[in-house]
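Biologist: I am new to reading protein models, and I would like to look closely at one part rather than skim the whole. Could you pick a strand and walk me through its surroundings?

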Amino acid sequence: MPISDHTDRMSRRQFLAQTGLGTAALFTGTVTLDGCAPANDTSHITGQLNGPNHRLGHLLRDAGHGRWALPDVPFTPPPVEPAHDVGILIIGGGVAGLSARRWLEQQGVRNILLIELEEETGGNAKSGENPVSAYPLGAHYLPIPDVRNRELLDFLQQADVITGLSPEGLPVYNDYYLCHDPEERLLINGYWQEGLLPTVGLSADEQAQTGRFLALTEDLKKAVGTDGRDAFAIPVAESSADPAWQKLDTLSFEAYLDQEGFTSPYLRWYLDYACKDDYGTNLANTSAWAGLHYFAARKGKAANASASSVLTWPEGNAFLATALRHQATSAVETGWLAHSIRRDADRVYVKAFSGQTQQPAFFRARQVILATPQFISQRLISAIAPERLTLADTFHYAPWLVANLTVRALPQDRGMPLCWDNVFYGTESVGYVVAQHQSLQPQSEQQVITLYWPLTKESPDLARRKAYQTPYADWKQMILAELEQGHPGVTAYVNDVQVWIWGHGMIGPQPGFISGQARKQAARPVAGQLFFAHSDLSGMSIFEEAFYQGIRAAKEVLHGQKR
Amino acid sequence: MADSGSPNRRQLLLLISVFIIATCGLIYELVAGTLASYLLGDSVMQFSTIIGVYLFSMGIGSWLSKFLDSNLLRWFIRIELMVGIIGGLSAPTLFVLFEFTASFRLLLYTFVSLTGILVGLEIPLLMRILENRIAFKELVSQVFTFDYIGALLASLIFPLVLVPYLGLIRTSVFFGLMNVGIAAILLYQFPETRPYRPSLLTGILATALVLATGFVFAGQIMSFAEGQSFQDRVIYAKSTLYQRIVLTQNRRDMRLYLNGNLQFSSADEYRYHEALVHPVMQGTQSPEKVLVLGGGDGLAVRELLKYPSLTSIRLVDLDAGMTQLFQQNSRLRQLNRNSLLSPKVQVINTDAFTWVRADTSRYDVIIIDFPDPSNYSIGKLYTTTFYQELDHLLSPAGVVVVQSTSPFVAPKSYWCINHTLQAAGFQTIPYHLYVPSFGEWGYVLALRNKHWRLNGKLPPDLRFLNQQTLRDMLHFPPDMAEVPTEVNKLNNQALVQYFEEEWAPYAN
């Protein structure tokens, strides 16, 4: 059965198809100008702009706290309906909150209630769906974890992501969830190369720098501090406190690369891409420690996958968030905007607005876990701990754009065929992933592709404000312009563009933040009643950290109860 | 100069022209219809739409003729030139552009309409040229007599002489030259053409040269057009949702191509299918239920139906276009002996991976006849994950066979499939045979334990397999000996890479 080079054939065919049409039109003499639609015509493309409920969220800031929330107003406990009177209240149904809830239940704790602002739990691990495919709206993959991360492995086993252990004791991952081959490609110099680290068209010196950097990260994976801990670990809290390593955090990644003589533009593009991809920051405002952590902390082992393997699903990490939620049974109420918190000696009172009625109601709990980002958490408790309000100012969040495009087909270009992750060299976005990549059905021409775009051109605050003001039509043009850079002519094939804006998409590990005091202070419990769980307390917005922070806070709750 | 001929002779010349252009006109129509049937299939549809469009265009041409005034002869010669070039080049152009155009039909009907319009202009113009030379009733009678005789001639010589001896491209080019020839003769037989002879002569010579070149190189044009893929006559071609199905025929055999890849030749497919089906059927005692994955041609099922003990055969093939073709087309039904219409056979058109995960039946035998792993999509059907899913479908003593590409051309691919089946927990028995149209071809039997009998009873009327060939197939000479390979998994797709690397030198 002779094979034909399908790749080449299609492109040639498509090219000639257009020529052929042109020829035919010449023959018929019916060439009219409106036959060739202008390339920037996007009127056929549907879609809309969405995002987390930031308008309702801003009620918190804009509406003032009301008399109830003022610290100098004497506090009298409000009436609370029985369903809102619980042992432990968790505010925030993202991965950290769901992780805390699951862990507490597994320790036998009952009488837990979780409240969430959005209509769905899952936080950043949000997803959408259309007739073509489910697709991610935020976090969308998990690298296989370090085997020492027992708690995470247990969770994955319960979620059937790990199906067993090999005779050597290594986890066996579910083949359906390990990212299928081909995984990654990069469009560089008009050619799709395999893998994201540029290899095409590098000079000998540039190649040597790439080699040197890779060797460096291999060494860093093995590096251990004076306290016996790994220099770079996930969760971040497991990393060595050795000042020799921690001092890398005070330096920007850019300054570090200058200092170490990594000048190759290709390598630096790749490292900048990595910072954007994982943190939503660029080389200048990422700490060197965090920049290296991206490479040096991935030490996963598996019986059937390599250290660089990732787990992914059409709906992205919504799969994991759903599993987290389903591994516990206690009540979850969505559509509640927590507004302010007061307490007395043995109870915490939370005032919240119902998203449905816009009316306030009260919740009462012995302990509360605030599984919300610090710009919300510290504000919620400003009546109790006003001195902590300034802590939030040191937390900087990167705004993100996530666009899901439904395309009738994707032009096939020279080089690697369509992969899971498809990146364009030198453009602003970090490329797109293909939602149906994990699907086992024969590839259809129709695809949903998810374009990820951290808004790093301006400072996060400015970029966020601008993002909130930019109308859908402008986003659509920008997104198509970005995609056209990688796939000229693709606009005509796009049917739908769904735009999602994360105003506070990811915590940015800016120089000094991870080694600094603010995140430690922000994580400190208040009066044995208030606890804090969010990935921003790790300084990195990744699933593993959120999962860890949830369990850490849950453990603190239990520890306090025992005393 | 010969333009001193008598008016009577010129009149006769014009009537002969009517005869020739009528022949040419019908030939172009027949060429278009035949070509469309070759390339698009469904000849009834193609012929009737092409005849309709052509006649309608002739109507347009006739109507347009009233707008041509002044020098009618000059117009007629010009039109002959245009018919010659457009009609004459219609077949080569359509063949060459077929592979490349998004809408072949648009191109086809453009050619048909243009030729039709020009041909439609011819007769009215000629009648007007002749109107002052002959009485009207004579004129009508003579012109149409010649016209219809020409049509009869065309319709007889086209199938009997032209297609068999000249082929479509040469036929169309040849009649293009005839039109040009008419133009040349008229130009030199009529004195009134003198003023514009030089300019038209240039056109005639250029057109004749192009057409003559086309005539000489028709063979090369044809082989280029077919992309060297189908040397034989295409008797059926259809693009389904998933693939392009092409059937070709020559004196020796009929061949099926999917996306340009040969699937079988009727001359030796019995070797492939006997070797696919009968060894696995020896692997289990009185099998009752069989699952066939792929194999939409029904040829494996044909072999299965030789076992009366079977009560149910379930065939899962993605492409309904394929299974319907093999259920409906009489020649193909002859080849698979109506196997897909047997009451024992259930045909399911869906994706095998999804189906295997969802199915809850148990089968004694599973026959896997997927296309070769030439892309990542098909590569998934050769992974440990897929083979592990077979476990819950297989009865305790069940046996699986997998068509596994060529152990000679692609030893790494072949042994990779073997190792993948082993990694999925099966005991394997690799074997191979020679299929002339494919070359050396390999299969892997996969069993829960090595209980496989060599001396079971084979159905009586096999052409290739007997106890001796069964034993021979197990022997792998050194040039096809087992090589170490990776195991094919969803997250490495090692097989697709081996396959690409090993078959690349054979790709055209």
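Modeller: Here is a walk around one strand of chain A, followed by two short stops elsewhere.

Please keep in mind that this is a predicted model. Its scores are ipTM 0.77 and pTM 0.73.

Our strand is β14 of chain A, which covers residues 348-354. Is β14(A) enclosed or open to the outside? A residue counts as buried when its relative accessible area is under 20%. In β14(A), 7 of the 7 residues are buried, so the strand is largely enclosed by the rest of the structure. You can follow this on both faces of the strand. On one side sit Val348(A), Val350(A), Ala352(A) and Ser354(A), and on the other sit Tyr349(A), Lys351(A) and Phe353(A); every one of these is buried.

Now let us meet the strands that pair with it. One is β13(A), made of residues 336-343, which runs antiparallel to β14(A) and is joined to it by 7 bridges. To find this pairing on screen, look for Ser340(A), which stands opposite Lys351(A) of β14(A). The two strands form a hairpin, with 4 residues between them.

Another partner is β15(A), residues 360-370, and here too the pairing with β14(A) is antiparallel, this time over 6 bridges. A handy pair to look for is Tyr349(A) and its bridge partner in β15(A), Arg364(A). β14(A) and β15(A) also form a hairpin, with 5 residues between the strands. In that hairpin, Gln358(A) takes a positive phi near 65°.

For a first stop away from the strand, try Ser535(A), in the loop between β21 (530-532) and α15 (543-562) of chain A. This serine has 6% relative accessibility, which is under the 20% limit, so Ser535(A) counts as buried. Leaving aside neighbours within four places in sequence, the residues in contact with Ser535(A) include Ile507(A), Met540(A), Glu545(A) and Gln549(A).

The last stop is in chain B, where the mean pLDDT is 88 and 95% of the residues reach 70 or more. Find Leu152(B) in helix α5, residues 136-189 of chain B. Its relative accessibility is 51%, so Leu152(B) counts as exposed. Leu152(B) belongs to a nonpolar patch on the surface, together with Leu156(B), Leu160(B), Val161(B) and Tyr165(B). Together these residues have about 560 Å² of accessible area.

Note on methods
Residues are numbered from 1 along each chain as its sequence is written. Chains are lettered from A and ligands numbered from 1 in the order in which they are written. This is a predicted model: local features need pLDDT of at least 70, side-chain atom pairs count only at pLDDT 80 or more; totals for chains, interfaces and linings use all residues. Side-chain values use heavy atoms; hydrogens and water are left out. pLDDT is the predictor's confidence in each residue, from 0 to 100. Buried means under 20% relative accessible area, exposed over 50%, partly exposed in between (1.4 Å probe, protein chains only). Contact means heavy atoms within 4.5 Å. Two strands pair if DSSP finds at least two bridges between them. Patches are made of residues with over 30% relative accessible area and no salt bridge: like charges are joined within 9 Å, nonpolar side chains (Val, Leu, Ile, Met, Phe, Trp, Tyr) within 5 Å. Accessible areas come from the Shrake-Rupley method with a 1.4 Å probe; for residues, only the protein chains shown count as cover. A salt bridge is a side-chain nitrogen of Lys or Arg within 4 Å of a carboxyl oxygen of Asp or Glu.
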